[in-house]
Amino acid sequence: MMRISSRVEYGINALIDIAAASEKGSPITAQQIASKHSFSVKFLEQILSSLRQNKFVYAEKGRLGGYRLLKKPENITLTSIIEILDDSIFGSTEQDIPNSSHEKDFILDEIYSDFNNCLVNYADNITLKELCERDNSHKECDNENGYMYYI
């Protein structure tokens, strides 16, 4: 299984929460997101800063402030999120393979390049809207299979 960085994982979760709050017409604070997922607020704020600089979210100041989406969820792809938060995931693999004139190295370069292209194409077809829908369907499944306690 491919591993993504904590930065990307936190960013995806934050964007899903911000999209859900934006859909309801209200902003959500970094503290609320961090509490929900047990994230470090400081680390999350760095991620939100990157997302804000790249025009994915904006921050509203004040007592009722927080983060809102600046783009529609269907216009934000997984590729764009990953490229902003950790460009090494889809980065070039040339530096990972020692420089050599062996034919096997060229074959490995080709394989890595093809693999990377497959990942990028897959991630290009997943939007934040779809991630939100997947998140909602998991919540519904949890509620259906969960227990209800009566006091």
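This is a short walk through one chain, from its overall layout to a ring cluster, two helices, a pocket and a few single residues.

Okay, thanks everyone. Before anything else, please keep in mind that this is a predicted model.

Let's start with the layout. The chain has 6 helices and 2 strands, and if you read along the sequence the pattern goes α-α-α-β-β-α-α-α. There are 151 residues in the chain, and buried ones make up 33% of them. Now take the contacts between residues at least 6 apart in sequence: 63% of those join residues at least 24 apart.

On to the aromatics. How many aromatic pairs does the structure hold? It holds 2. In one of them, the ring centres of Y10 and F39 sit 3.7 Å apart with their planes at 10°, so that pair is stacked. Y10 is in helix α1, residues 6-23, while F39 is in the loop between α2 (30-37) and α3 (41-53), so to speak a link between distant parts of the chain, 29 residues apart. Both Y10 and F39 are buried.

Then there's Y10 with F43. Those ring centres are 5.2 Å apart and the planes are at 70°, which is over the 60-degree cut-off, so we call this pair edge-to-face. Here Y10 in helix α1 meets F43 in helix α3, so the pair ties together parts 33 residues apart in sequence.

Is each ring buried or partly exposed? Y10 has a relative accessible area of 17%, and because the cut-off for buried is under 20%, Y10 counts as buried. F43 comes out at 25% relative accessibility, so F43 is partly exposed. Put the ring pairs together and you get a cluster of Y10, F39 and F43.

Let me stay with the two helices that came up there. First α1. This helix has 18 residues and runs 26 Å from its first C-alpha to its last, close to the 26 Å expected at 1.5 Å a residue. Its buried residues are V8, Y10, G11, I12, A14, L15, I16, D17, I18, A19 and A21. As a reminder, an α-helix has 3.6 residues a turn, so residues three or four places apart point the same way. After α1 comes G25, with a positive phi near 90°.

Now α3. It has 13 residues and reaches 18 Å from first C-alpha to last, again close to what is expected at 1.5 Å a residue, 18 Å. Which residues of α3 are buried? They are L44, I47, L48, S49, S50 and L51. And what covers them? The cover includes α1, α2, β1 (57-60), β2 (66-69) and α4 (78-85).

Next, a pocket. The second largest one has about 410 Å³ of space. It is lined by 20 residues, and the closest to its centre are I16, A19, A20, E23 and N136. The elements giving two or more residues to that lining are α1 and α6 (128-145), and α1 gives the most, with 7 residues. By class, the lining has 8 nonpolar, 3 polar and 9 charged residues. Two of those central names, I16 and A19, were also on the list of buried residues in α1.

Let me finish with some single residues, beginning with backbone angles. Most residues other than glycine have a negative phi. S38 has a positive phi, near 60°. S38 sits in the loop between α2 and α3 and is exposed, with a relative accessible area of 66%. K55 also has a positive phi, near 65°. That residue comes just after α3, in the loop between α3 and β1, and K55 is exposed too, at 52% relative accessible area.

Over in helix α4 we find T79. T79 counts as buried, at 4% relative accessibility. If you leave aside its neighbours within four places in sequence, T79 is in contact with F90, V120, A123 and D124.

Last one: R3, in the segment before α1. At 70% relative accessibility R3 counts as exposed. The C-alpha atoms of R3 and I89 are separated by 9.3 Å, with their positions 86 residues apart along the chain.

That's my tour, thanks for listening.

Conventions
Residues are numbered from 1 along each chain as its sequence is written. This is a predicted model: local features need pLDDT of at least 70, side-chain atom pairs count only at pLDDT 80 or more; totals for chains, interfaces and linings use all residues. Side-chain values use heavy atoms; hydrogens and water are left out. Rings of Phe, Tyr and Trp (its six-membered ring) pair if their centres lie within 6.5 Å; planes under 30 degrees apart count as stacked, over 60 as edge-to-face and the rest as tilted. Helices (H or I, at least four residues) and strands (E, at least two) are DSSP runs, numbered from the N terminus. Buried means under 20% relative accessible area, exposed over 50%, partly exposed in between (1.4 Å probe, protein chains only). The expected span of a helix is 1.5 Å times one less than its number of residues. Contact means heavy atoms within 4.5 Å. On a 1 Å grid over the protein atoms alone, a cavity is a set of points where a 1.4 Å probe fits but cannot get out, and a pocket is an open set with protein on both sides within 12 Å along at least five of seven lines; lining residues have an atom within 4 Å of a point. Grid points are joined across faces, edges and corners, and a volume is the space filled by probe spheres set on the points. Ala, Val, Leu, Ile, Met, Phe, Trp, Tyr, Cys and Pro count as nonpolar, Asp, Glu, Lys and Arg as charged, and the others, Gly among them, as polar.
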